[in-house]
Amino acid sequence: MTNILVVEDERKVSAFIKQGLDEVGYGVDAVEAPSLAREKIQTQKYDLIILDVMLPEMSGVDFAK
């Protein structure tokens, strides 16, 4: 199974993305902040990260670097 991490601070957007990916069979975790994403990445292997550019703690671009 492909595991995906969604990093999105808007709950409705995150829920919409997660639901769509769940429906087609992906394993999906969703978090609202880069600090929470770092915690997840340290304990779980992800095949793909969907990352919002405008996040509360730092930009998604900076997080990706």
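This passage describes the sheet, the helices and the nonpolar core of a predicted model.

The strands form an open sheet of three, in the order E2-E1-E3, with parallel pairing. Strands E2 and E3 (48–51) are the edge strands, each pairing on one side only. From one strand to the next, the twist averages 20°. Strand E1 (residues 3–7) runs parallel to strand E2 (residues 27–31), and five bridges join the two. The pairing of E1 with E3 is also parallel and extends over four bridges. Val-7 takes part in both pairings: the bridge partner of Val-7 is Val-31 in E2 and Leu-51 in E3.

Helix H1 packs on this sheet and touches E1, E2 and E3. The direction of H1 makes about 170° with that of E2. Together, E1, H1 and E2 make a right-handed β-α-β unit. The length of H1 can be checked against its number of residues. H1 covers residues 11–23, and its 13 residues should span 18 Å at 1.5 Å a residue; the C-alpha atoms at the two ends are 18 Å apart, so the two values agree. Just after H1, Gly-25 adopts a positive phi of about 100°.

Helix H2 (residues 34–43) lies across E1, E2 and E3 and runs at about 165° to E1. The loop between E2 and H2 contains Ala-33. Ala-33 counts as buried because its relative accessibility is 9%, below the 20% cut-off. Leaving aside residues up to four places away in sequence, Ala-33 touches Val-7 and Glu-57. Ala-33 and Ala-64 are 31 residues apart along the chain, and their C-alpha atoms are separated by 13 Å.

The largest nonpolar core has seven residues: Leu-5, Val-7, Val-31, Ala-37, Tyr-46, Leu-55 and Phe-63. In soluble globular proteins, nonpolar side chains tend to be buried together. Within this core, Ala-37 touches Leu-5, Val-7, Val-31 and Phe-63, again with residues up to four places away in sequence not counted. Val-7 therefore appears in several parts of this description: Val-7 is a member of the core, a bridge partner of Val-31 and a contact of Ala-33, a residue that counts as buried because of its 9% relative accessibility.

Definitions and conventions
Residues are numbered from 1 along each chain as its sequence is written. This is a predicted model: local features need pLDDT of at least 70, side-chain atom pairs count only at pLDDT 80 or more; totals for chains, interfaces and linings use all residues. Side-chain values use heavy atoms; hydrogens and water are left out. A nonpolar core is a set of buried Ala, Val, Leu, Ile, Met, Phe, Trp, Tyr and Cys residues joined through side-chain atoms within 4.5 Å. Buried means under 20% relative accessible area, exposed over 50%, partly exposed in between (1.4 Å probe, protein chains only). Contact means heavy atoms within 4.5 Å. The expected span of a helix is 1.5 Å times one less than its number of residues. Two strands pair if DSSP finds at least two bridges between them. A crossover is right-handed if, with the strands pointing away from the viewer, the path from the first strand over the helix to the second runs clockwise. Axes are lines fitted to C-alpha atoms, for helices over the stretch in contact, and angles run from 0 to 180 degrees between N-to-C directions.
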